[in-house]
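Me: I should like to study the charged side chains of this protein. Please take the questions in order and explain each answer.

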Amino acid sequence: MPTIDAYLFDLDGTLIDSVHLILESYRHTLERHHRTAPPDEFWLKGIGKPLREQLREVTPDPDEIEAMVDTYRDYNLAHHDSLVRPFPGIHTVISGLKAAGAGLGIVTSKARKGLERGLFICGLDDLFEVRVAADDVSRHKPHPEPVQRALELLEVTADRAVFIGDSPHDMAAGRAAGVFTAAVLWGPFSQSDLEPHQPDYWLNKPSDIEDLHRHQ
């Protein structure tokens, strides 16, 4: 097994359970802007993509998209603290990696304000030395730029890093960046959704991350 010095993580659906909040935020946004909301499956397939890209599939009007972004974020932040929680066991796993001296980074398509709030509420804000949010790059997952940015900040090469995520966008970005990829199965995506991207590792529960580190 290769030596892994750095562990990069997606946020939503990987570290924190925020799917209910995301869906409620989209429903509220479409209702407020007098549009028929697509089924939940539509939004779930796009988890991991930036907010504007998702809304662009609902309307091509840039002004309406910006208004929807404001509505979404206002609702999301207002209800964030009551609806978001870490996945069971995540804090213990990440703390163990940190204690072992592993490099830790987050690569998310979420805006930095939402990223920092989520980490704080879930008690994870003191664990990650590198955080790459949507605000930090010009191209987003599935493009490799966010993963490459995290590698630069951690000063680690791609062949010694793994990107752990729950979505096809995570797997595609990691593969394109040349890192190892690990697909988690406790998020909203099924194994059949992720299999086409041929992740290097499958993780059924957070403690499997410890096994990944232990068996190097």
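Me: Which residues are linked with R112 in a network of salt bridges?

Reply: This is a predicted model, in which local features need pLDDT of at least 70, side-chain atom pairs count only at pLDDT 80 or more, and totals for chains, interfaces and linings use all residues. Residues are numbered from 1 along each chain as its sequence is written, and side-chain values use heavy atoms, with hydrogens and water left out. A salt bridge is a side-chain nitrogen of Lys or Arg within 4 Å of a carboxyl oxygen of Asp or Glu. The residues linked with R112 in the network are E116, R131 and D136.

Me: How far apart are the closest N and O atoms of R112 and E116?

Reply: Both residues lie in helix α6, four residues apart, about one turn of the helix. (A helix is a DSSP run of H or I with at least four residues, a strand a run of E with at least two, numbered from the N terminus.) The closest N and O atoms of their salt bridge are apart by 2.8 Å.

Me: Are D12 and K110 buried or exposed?

Reply: Their side chains meet in a salt bridge at 3.2 Å, N to O. D12 lies in the loop between β1 and β2 and K110 in the loop between β4 and α6, so the pair ties together parts that are 98 residues apart in sequence. Buried means under 20% relative accessible area, exposed over 50% and partly exposed in between, with a 1.4 Å probe and protein chains only. By this rule, D12 and K110 are both buried.
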